[in-house]
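Reader: I would like to learn how to read a model like this one, feature by feature. Could you take me through it?

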Amino acid sequence: MSICTRRCLFLLEKCKNMKQLKQAHGQVITCGLGKNNFALSRLLAFCSDPNLGSRIYGYKIFEQIQEPTICIFNTMIKSFLLKGELNKTIEIYKNMLKIGIYPDNYTLPYVLKACGKLKSCYLGELVHGQILKLGFLIDTFVGNTLLGFYTAVDNVEAAKIVFYEIPSSNCVVSWTVLISGYAKRGDVYEARLIFDECLVKDRGVWGCMISCYVQNNCFKEGLKLLRQMQMTGIEPDEAIFVSILSACAHLGSLDIGIWIHKYVEKLRMPLSCKLGTALIDMYAKCGCLDIAEKMFDEMPQRDLICWNAMISGFAMNGNGLEALNLFNEMQSSGIRPDDVTFVSMFTACSYAGMANEGLNLLNLMCNVYRIEPKGEHCGCIIDILSRAGLLEEARNIVQHMPNSSVPSEEAIAWRALLSACGNHGLVDLAEDAAEIIVKLERHSGAYVLLSNIYAAAGKHDHARRIRKKMKSEYIDKVPGCSSLEINGIVHEFIAGERTHPQLVQIHELLETISNNQLDNSAHILHGSDN
């Protein structure tokens, strides 16, 4: 290798920006390395860097290469994949096949990821066929990416078949991918069966199953699994702590949440933005707003999700003015609010009775930030207007809300209007709202609300008719659920169920309290007669 060649390759390795790379490219051409595949691959590798490189410049170089190698094709495919240009990724892959170059175990995962992001089951299945034809299914990396593709397109059945075809027994990543696939679908039962089948469970597998429970509202099961994991001697990581704190927040389990906070401090785990936000959310939802606010003020870095958590905390605790002040502070700091921020702000205005502020925020959201209102936003605005007695304005907003491709989005706003009708005793408007909700979704809520509105208005025949209709159409009322925490243990009660181990003692105590109240009432009445 000549001195000039060595110097060119050295310059390529030392480039820190595109200006330096272009100078090095000139040296490559001057030294006669313009057709040298190794030198060209180094140029393309820098151009494909999502932070420092230039994909356009890299593609111009790529187009000039007469005989690109598999390594060069892989670099370009990866470059377009990282930039989200998925169709271009597939196009380069097709061109590679046309000139007779076979993919390797680096090419196939890139292409499968592109197929997954495109949600193209057809393209992914074609790639799957090539994997089988070329014998790459035994490659762990390729097999796991194929698993990920099928879970991305919500074909967990195909993923399960692939799972049992690849050498997955010793690869915890394979088990994690399949469990997360069932978690995304909401099939907790199947996810747990796969989890129990896994013989070698690392922190990732445990964390995936805990996350599966929490994502699907099985919060108690998530807490129980954490205890089982600890018994095996595995320490939780940040992701597991975030999942568990979310479970604590939803259950209102303050004692366990505080224990998790102390556990984090004991492990001397750095308080990242994600973990700090989870703690803020947990304290706010458990009613400890002062601790949540203190933690927020002490956060070294705050992203949008962190601001949203604190604003939501003020909103759900009825502190409308504090939420509004924090929202203004967030804007001043240069953070752009999103649709979630405005849901929290509308909720804050609703609870605090700030109708004018809520409408001003709606104008800001639509005309300044160009965020299109969703069903949840309209539902909050309707609640704000109905609390202020402006029912006609609320109806007008629902009727003119943007059409949504998701019926449940539209139903949220109509349910809010139906609830408002109940509060104000507007039977005719309630009937119209209920009729539209029933067309949008099959849910017991609209029937129950309308039945209650009829009963409150003295129209008991109409209420009975609604109940009979629910029975004839097999629409079951969703049972009520409550929970409370005693000595760090969360006790859950569901209407109609008799599964609590201490239910007999609880009923006996309630009966004793009820009898004592009756005795006291009789004593008071007897005293007043005298």
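Author: Gladly. Let us begin with a definition: helices here are DSSP runs of H or I with at least four residues, numbered from the N terminus. With that in hand, Lys119 can be placed in the loop between α7 (107-118) and α8 (121-134). Please keep in mind that this is a predicted model.

Reader: What is the phi of Lys119 near, and is the residue buried or exposed?

Author: Phi of Lys119 is near 60°, a positive value in a residue other than glycine. Lys119 counts as exposed because its relative accessible area is 55%, and exposed means over 50%. Arg268 can be read in the same manner. Its phi is near 55°, again positive in a residue other than glycine. Arg268 sits in the loop between α16 and α17, and it is exposed, with a relative accessible area of 75%.

Reader: Now the broad view. How many helices and strands does the protein have?

Author: The protein has 29 helices and two strands. Of its 530 residues, 44% are buried. As for contacts with a separation of 6 or more, residues 24 or more positions apart account for 57% of them.

Reader: How should I read a single helix, say α17?

Author: A general idea helps here: an α-helix has 3.6 residues a turn, so residues three or four places apart point the same way. Next, look at length and cover. Helix α17 (residues 273-285) has 13 residues. From its first C-alpha to its last it reaches 18 Å, close to the 18 Å expected at 1.5 Å a residue. α17 is mostly covered, with eleven of its 13 residues buried. Among them are Cys273, Leu275, Ile280, Met282 and Tyr283.

Reader: What covers the buried residues of α17, and what follows the helix?

Author: The cover includes α15 (238-251), α16 (254-266), α18 (289-298) and α19. After the helix comes Gly287, whose phi is positive, near 90°.

Reader: Asp281 is found in α17. Why does Asp281 count as buried?

Author: The cut-off settles that: buried means under 20% relative accessible area. Asp281 counts as buried because its relative accessibility is 18%. Not counting residues up to four places away in sequence, Asp281 touches Ala249 and Ala309.

Reader: How do I use a database annotation alongside the coordinates?

Author: Treat the record as one source and the geometry as another. For "repeat: PPR", an unreviewed UniProt entry lists residues 69-103, 202-236 and 303-337. Over residues 69-103 the chain is 74% helix and 0% strand, with the end C-alpha atoms 11 Å apart. Over residues 303-337 the chain is also 74% helix and 0% strand, and its end C-alpha atoms are 11 Å apart.

Reader: Which residues does Met96 touch, leaving out those up to four places away in sequence?

Author: Met96 touches Ile70, Phe73, Ile101, Tyr102, Pro103 and Thr107. Its place is in helix α6 (residues 86-98), and it counts as buried because its relative accessibility is 0%. Met96 and Phe73 are 23 residues apart in sequence, yet 7.1 Å apart in space, C-alpha to C-alpha.

Reader: And Glu329, with which residues is it in contact beyond its neighbours within four places?

Author: Glu329 is in contact with Arg302 and Trp307. Glu329 is found in helix α20 (residues 320-332). With a relative accessible area of 41%, Glu329 is partly exposed. The C-alpha atoms of Glu329 and Trp307 are separated by 9.8 Å, and the two residues are 22 apart along the chain.

Reader: Last, how do I read a pocket?

Author: Ask about its volume, then its lining, then which elements supply that lining. The second largest pocket has a volume of about 260 Å³. It is lined by 13 residues, of which Val340, Val343, Ser344, Thr347 and Glu376 lie nearest its centre.

Reader: Which helix gives the most to the lining of the second largest pocket?

Author: α21 gives the most, with six residues. α19 (304-316), α21 (339-352) and α23 (375-387) each supply at least two. By class, the lining of this pocket has six nonpolar, four polar and three charged residues.

Methods. Residues numbered from 1 in each chain as written. Predicted model: local features only at pLDDT ≥ 70, side-chain atom pairs only at ≥ 80, totals over all residues. Heavy atoms only, no water. 1 Å grid on protein atoms, 1.4 Å probe; cavity = no way out; pocket = protein on both sides within 12 Å on 5 of 7 lines; lining within 4 Å. Points joined across faces, edges and corners; volume = space filled by probe spheres on them. Nonpolar A, V, L, I, M, F, W, Y, C, P; charged D, E, K, R; others polar. UniProt positions renumbered as here; feature names shortened; annotations may be inferred. Expected span 1.5 Å × (residues − 1). Buried < 20%, exposed > 50% of the residue type's maximum accessible area, 1.4 Å probe, protein only. Contact = heavy atoms within 4.5 Å.
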